[in-house]
Amino acid sequence: MPLPPLSPDQKIKPRHFELRMAVIFFAILIPNGIHLPYFPLWLAQNRFDPQQIAVILSAPMFLRVVTTPFITAFADAARDRAYVMIALVAASALCAAGYFLEPAYVMVLAVSLALTVVWTPQSPIADSLALSGVRRFGSKYTGMRIWGSISFLLANLAGGLILARTGTGAVPAIIFATFGVALLVVLIAPRLGRPRLASPLSAADMQEKAPKLLHPYFLFFAAGTGIIIGSHGFMYGFVSIYWKSIGIDDATVGILWCVGVGAEICLFMLFNRLFGSVPVVTVILIAGVGAVVRWLAYPLIWPLGLGIAGFVAVQCLHAVSTALVIIGLQKMIGESVAEERTGAAQGIAYFANGFCMAAVTLASGPLYERFGIDGSFFMVPVALAGMVMIALAARSAPKRPLRR
């Protein structure tokens, strides 16, 4: 079906479009850079046990894979996605203020669930705005999106330095402040009107086209990448708590998180040179090997006396275990999925990643409570299971794009 023609207003490029989108990506990903490494530390400081921490971290993950597609679909149908994004960021700041209340288990869980509903859709809506600029004005997506990764890295570092002075109790205040900054920034979001194509996580697009993607190759591949990414749930939930338990200070925790993100950014920049001609199945299998090595190494670094340098080396594997999966998945979709079905493909892959991450994070609480950092060893068979899915995908690879 041909796309509807652009209106005269939609053909006019907003002033400083790329700069405005880069600043928006930078602002909306700052809270992620604080929440991911330091929110578990705040939970631990408030004497939540590992199982409670796992539930508080995983329950929002389960919820957001259901709610996000519907909110992005709503944004596509709205008069302008920019207004939806502004409302979502404002609602996120309001929800984040709930962490200032008495940190009882039920209260923190309720606030986290409410926050994820309005927080998670912000990134795909920003992606949708940026991709509209790519289609209409020839903008470069990577030049805008990379600033989100840079802000995540800087937030890791700045958060660690701040908490080294203030203590972990300041985490809610920092998260609330970062949403306040993001709200001020998204007010400059370009007004582009409705998109010509649905957002990558549009529920309507998934419902219409997903049945045509039920090919074993795509399903095995989405499952495999989701499981490999999901194996990171133990690390995301408990590695900061572990580092603090062995005497590593907040500033160094921030630096260690920066190392992982920095390695990921470097691989994004070097991927075409290093892996551009490598078959996509091989790329993901390499990522799986990187994940296996990473989960085997974490519990051994400190007992072997390798210290901070050892953790830096293991964190560099984030470029392999995460960045290769992210890029490899997009490469597979680009090579194998017809253009008119890429939105549904992204949605299915998002669901697989989100569900696997949530399931592993939920299981990680009892593992950490029982085994401590040795629970990382249990992530090895998880990553291996993902590699098995990728091997099954390779056996069923189609000879033409997935059109049915």
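## Two helices side by side

Let's start with a helix pair: H10, spanning residues 216-230, packs against H13, spanning residues 280-301, at an angle of about 25° and with the axes 10 Å apart. Because angles under 35 degrees count as roughly parallel, H10 is roughly parallel to H13. Keep in mind that this is a predicted model. The crossing of the two helices, H10 and H13, is left-handed.

Which residues of H10 and H13 make the contact? From H10 come Tyr217, Phe221, Thr225 and Ile228, and they meet Val280, Val281, Ile284, Gly288 and Ala291 of H13. Sorted by class, this contact between H10 and H13 holds 7 nonpolar and 2 polar residues, with no charged ones. Thr225 belongs to the H10 side and Gly288 to the H13 side; glycine is counted here among the polar residues.

## Cysteines without partners

Now for the cysteines. How many disulfides does a search of the whole structure find? The search turns up 0.

Cys258 takes part in no disulfide, and the nearest cysteine sulfur to it, that of Cys316, lies 12 Å away. A disulfide would need the two sulfur atoms within 2.5 Å, so this pair does not qualify. Cys266 is likewise in no disulfide: the nearest cysteine sulfur to Cys266 is that of Cys316, at 8.7 Å.

## Buried or exposed?

The surroundings of these two cysteines can be read from their accessibility. Cys258 has a relative accessible area of 10% and is therefore buried, the cut-off being under 20%. Cys266, with 44% relative accessibility, counts as partly exposed.

Notes: Residues numbered from 1 in each chain as written. Predicted model: local features only at pLDDT ≥ 70, side-chain atom pairs only at ≥ 80, totals over all residues. Heavy atoms only, no water. Buried < 20%, exposed > 50% of the residue type's maximum accessible area, 1.4 Å probe, protein only. Axes fitted to C-alpha atoms, helices over the stretch in contact; angles between N-to-C directions. Helix = DSSP H or I, 4+ residues; strand = E, 2+ residues; numbered from the N terminus. Parallel < 35°, antiparallel > 145°, perpendicular 65-115°, else oblique. Left-handed = near helix turned anticlockwise from the far one by under 90°. Contact = heavy atoms within 4.5 Å.
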